[in-house]
Amino acid sequence: MSPRLHTSGKLGSRRGLNSLGGLTYLTDTLSNTRFLVDTGAAVSVLPYTGSRTVAPDGPSLAGADGASIRSWGKVYKSVSFGGCVFSDVPFIHAAVSKPILGADFFSRHKLLVDTAGCRVLDAATLLP
């Protein structure tokens, strides 16, 4: 079972939407953390909350504009969306403003993001 996504934008406002400004978010029910759904991001990231004086020692990352993004290594955590629990999901701690679910998450769990239908589908069955 895959979680249902909601999007907004020029389609007008609808009650109970899970997005802002046309961007799609999923809320992890384990931590109540809102994740930006970003299939253009190669990896999933969490904002680094440690001291910024600690030298970045994570993998080299770059934003859509090509600018370098500092990172501090990988962590694993469980997340739950739409009643489905995903264990040991790898995230990179990075200098980002919000948590992001990247293409690695959707690929690893064989999920498809259907932006037109506002949902996530199981890649094998195409069921939401």
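Biologist: How much of the protein counts as buried?
Modeller: Of its 128 residues, 36% count as buried. The model is predicted.

Biologist: What pattern does the protein follow along the sequence?
Modeller: The pattern is β-β-β-β-β-β-β-β-β-α-β-β. That gives one helix and eleven strands.

Biologist: Why is Ser-44 called buried?
Modeller: Its relative accessible area is 1%. Buried means under 20%. So Ser-44 is buried. Ser-44 sits in the loop between strand 3 (33–37) and strand 4 (45–47).

Biologist: What makes the link between the side chains of Ser-44 and Asp-104 a polar contact?
Modeller: The distance is 2.8 Å. The cut-off is 3.5 Å between N or O atoms, with one able to donate a hydrogen and the other to accept it. The pair therefore counts as a polar contact. The Ser-44 side chain also reaches the backbone nitrogen of Gly-102, at 2.9 Å.

Biologist: Which residues is Ser-44 in contact with, leaving aside neighbours within four places in sequence?
Modeller: Among them are Pro-90, Phe-91, Ile-92 and Phe-105.

Biologist: How do you know that Asp-28 has no salt bridge?
Modeller: The nearest side chain of opposite charge is Lys-77, 4.3 Å away. A salt bridge needs a Lys or Arg side-chain nitrogen within 4 Å of a carboxyl oxygen. So Asp-28, though buried, has none. Asp-28 does make a polar contact, side chain to side chain, with Ser-31 at 2.7 Å.

Biologist: Where does Asp-28 lie, and what does it touch beyond four places in sequence?
Modeller: Asp-28 lies in strand 2 (residues 23–28). The residues it touches include Phe-35, Lys-77 and Phe-81.

Biologist: How many aromatic pairs does the structure hold?
Modeller: There are seven.

Biologist: Why is the pair of Phe-35 and Phe-81 called edge-to-face?
Modeller: The centres are 5.9 Å apart and the planes meet at 90 degrees. Rings pair if their centres lie within 6.5 Å, and planes over 60 degrees apart count as edge-to-face. Both conditions hold, so the label follows. Phe-35 is in strand 3 and Phe-81 in strand 7 (residues 71–81), so the pair ties together parts 46 residues apart in sequence. Both rings belong to buried residues.

Biologist: What makes Phe-86 and Phe-105 an edge-to-face pair?
Modeller: Their centres are 5.1 Å apart, with 75 degrees between the planes. That angle is over 60, so edge-to-face applies. Phe-86 lies in strand 8 (residues 84–94) and Phe-105 in helix 1 (residues 103–108), so parts 19 residues apart in sequence are tied together. Phe-86 and Phe-105 are buried.

Biologist: Which residues do ring pairs link into a cluster?
Modeller: The cluster holds Phe-35, Phe-81, Phe-86, Phe-91, Phe-105 and Phe-106.

Note on methods: Residues numbered from 1 in each chain as written. Predicted model: local features only at pLDDT ≥ 70, side-chain atom pairs only at ≥ 80, totals over all residues. Heavy atoms only, no water. Helix = DSSP H or I, 4+ residues; strand = E, 2+ residues; numbered from the N terminus. Buried < 20%, exposed > 50% of the residue type's maximum accessible area, 1.4 Å probe, protein only. Contact = heavy atoms within 4.5 Å. Lys, Arg positive; Asp, Glu negative; His and termini not counted. Phe/Tyr/Trp six-rings, centres within 6.5 Å; stacked < 30°, edge-to-face > 60°.
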